Amino acid sequence: MDNLNRDDARPVISLGNGDPTLFQCFRTAAAAEDAVLDAFRSANYHSYSPPLGILPARRAIADHLNRDLPYKLSADDVYVTIGCAQAITVTLEAISSPTANILLPRPGYLGYEAFAAHRQIEVRHYDLLPKRVGSPCGNVFSYEHLEKIAETARKLGILVIADEVYGHISFGSTTFVPMGVFASIVPVLTLGSLSKRWTVPGWRLGWIAKNDPNGILKETGIVNSITTVLNVSCEPVTFIQGAIPQIIENTKEDFFMNIIGILREDADICYNGIKEIPCMSCPSKPEGGMFSMVKLDPSMLEGINDDLEFCIKLAREESVIVIPGVAVGMKNWLRVNFACEPASLQVGLERMKAFCRRHAKNKNEDPYEVIQTGNCSNTAGCPGT
């Protein structure tokens, strides 16, 4: 934000932070708002919360997750957290030890890496092509792919941490499958929240669910470690917890389908808009989540050496914010949040296009015009070839 030009009268368009609440079209369900008001006005939830969360909330979350599982979770399998961020920190705290290590995908969410470093957990990476990874790349793993992950984890003797904060936010050909489906193969700690699916990140209500029908997490002390960490942690706001049963029960499918419809439209706008910018390419159209990873070719631009410099100058000159790929472990890529009001997204992409045109090295032969007419003779500069 410090790189914005304060003299630019145009509205800032943020394609960086994954907070759809900035746009009215992503307002949460009225049933969710009513549930919070009812819980607050009941005066039943003004007290401190138990460290693991209040029982009605834990039971409701377990029932919610059970809809997609071949076995049943109980309230004892769920721990309520302050958003998914606390679910991450509690989980990593619980597994930390002098010899612990964690295998993280790259690109990925750097919150894991930051907290692992804080707890001196060794971080190991496996690099994934952006067209094969989930958030922040917009792809949805198939049942078969997740089963292979479970089998691999079993062979390595490790548990799986499944961050499913974007669970069910899929709008392509692949249906969302929770990792907990494979808990009979390998123990799974599922992390989730209301933040994305209900579009209420500011309510800070998340959870950890232990999918462990074979009791391995209890035997190895992980369950006890999670409880111990939560016993010395802060709890989510009690009246938000009190609203959970009503939020889950009363939110109609129409609300979710409307959100999915907007995101599908946004994904199309983003993918097609990026195709019109020669120095950028998108490996595949997003099929889930709210982000897309976009490959940047700085060699086609004058005075821009990498993704970080691109983002700084884009913010200053066009009042458009995107995240440099280096922030998620991918140099010379861009992380674009497409969860916007569609008209705003289109304006943001047009500004990005104008920025790239202005900084293009070869201004005598305008590659933007060539792509629009479909007469691209240089396939190296054509996204999708």
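Tutor: Let's start with a rule: two strands count as paired if DSSP finds at least two bridges between them. With that in hand, we can read this predicted model.

Student: How do you know that strand E9 and strand E12 pair?

Tutor: Set the count against the rule. Five bridges join E9 (residues 291-296) to E12 (residues 333-337), and the rule asks for at least two, so they pair. The two strands run antiparallel. One of the partnerships is Phe291 with Asn337, which is in E12.

Student: What makes strand E8 and strand E11 stand at the edges?

Tutor: Look at the order first: this open sheet of four strands reads E8-E9-E12-E11, with antiparallel pairing. E8 (280-281) and E11 (323-324) each have a single partner strand, so one side of each has no neighbour in the sheet.

Student: Which strands form the open sheet with mixed pairing?

Tutor: That one has four strands in the order E2-E7-E6-E5. Its edges are E2 (78-81) and E5 (160-163), each pairing on one side only. From one strand to the next, the twist averages 20°. Helix H7 (residues 222-231) packs on this sheet and touches E2, E6 and strand E7 (206-211), with a direction at about 30° to that of E2.

Student: Why is the pairing called mixed?

Tutor: Compare two of the pairs. E5 and strand E6 (residues 188-193) run parallel and are joined by four bridges, while E2 and E7 pair in the antiparallel sense, also over four bridges. Both senses occur, and the sheet is mixed. For residue partners, Ala162 is bridged to Thr190 in E6, and Val78 stands opposite Ala209 in E7.

Student: Which way do the side chains of E2 point?

Tutor: Val78 and Val80 point one way, Tyr79 and Thr81 the other, and all are buried. That fits a general pattern: in a regular strand the side chains alternate between the two faces of the sheet.

Student: Why are helix H3 and helix H4 called oblique to each other?

Tutor: Their packing angle is about 40°, with the axes 10 Å apart. Roughly parallel needs an angle under 35 degrees, and roughly perpendicular starts at 65. The value falls in neither range, so H3 and H4 are oblique. For your picture, H3 spans residues 83-95 and H4 spans residues 110-118, and their crossing is right-handed.

Student: Which residues in H3 and H4 meet?

Tutor: Ile88, Thr89, Leu92 and Glu93 in H3 meet Tyr112, Phe115 and Ala116 in H4. By class, this contact has five nonpolar residues, one polar and one charged.

Student: Why is Asn332 called buried, and what is His168 called?

Tutor: Buried means under 20% relative accessible area. Asn332 has 17%, so it is buried. His168 has 30%, which lies between 20% and the 50% limit for exposed, so His168 is partly exposed.

Student: What makes phi notable in His168 and Asn332?

Tutor: Phi is positive in each, and neither residue is glycine: near 75° for His168 and near 65° for Asn332. His168 is in the loop between E5 and E6, and Asn332 is in the loop between E11 and E12.

Student: Where is Pro107 found, and what is its peptide bond from Arg106 called?

Tutor: Pro107 is in the loop between strand E3 (101-106) and H4. The bond from Arg106 to Pro107 is cis, with omega near 10°.

Technical notes: Residues numbered from 1 in each chain as written. Predicted model: local features only at pLDDT ≥ 70, side-chain atom pairs only at ≥ 80, totals over all residues. Heavy atoms only, no water. Axes fitted to C-alpha atoms, helices over the stretch in contact; angles between N-to-C directions. Parallel < 35°, antiparallel > 145°, perpendicular 65-115°, else oblique. Left-handed = near helix turned anticlockwise from the far one by under 90°. Contact = heavy atoms within 4.5 Å. Nonpolar A, V, L, I, M, F, W, Y, C, P; charged D, E, K, R; others polar. Buried < 20%, exposed > 50% of the residue type's maximum accessible area, 1.4 Å probe, protein only.
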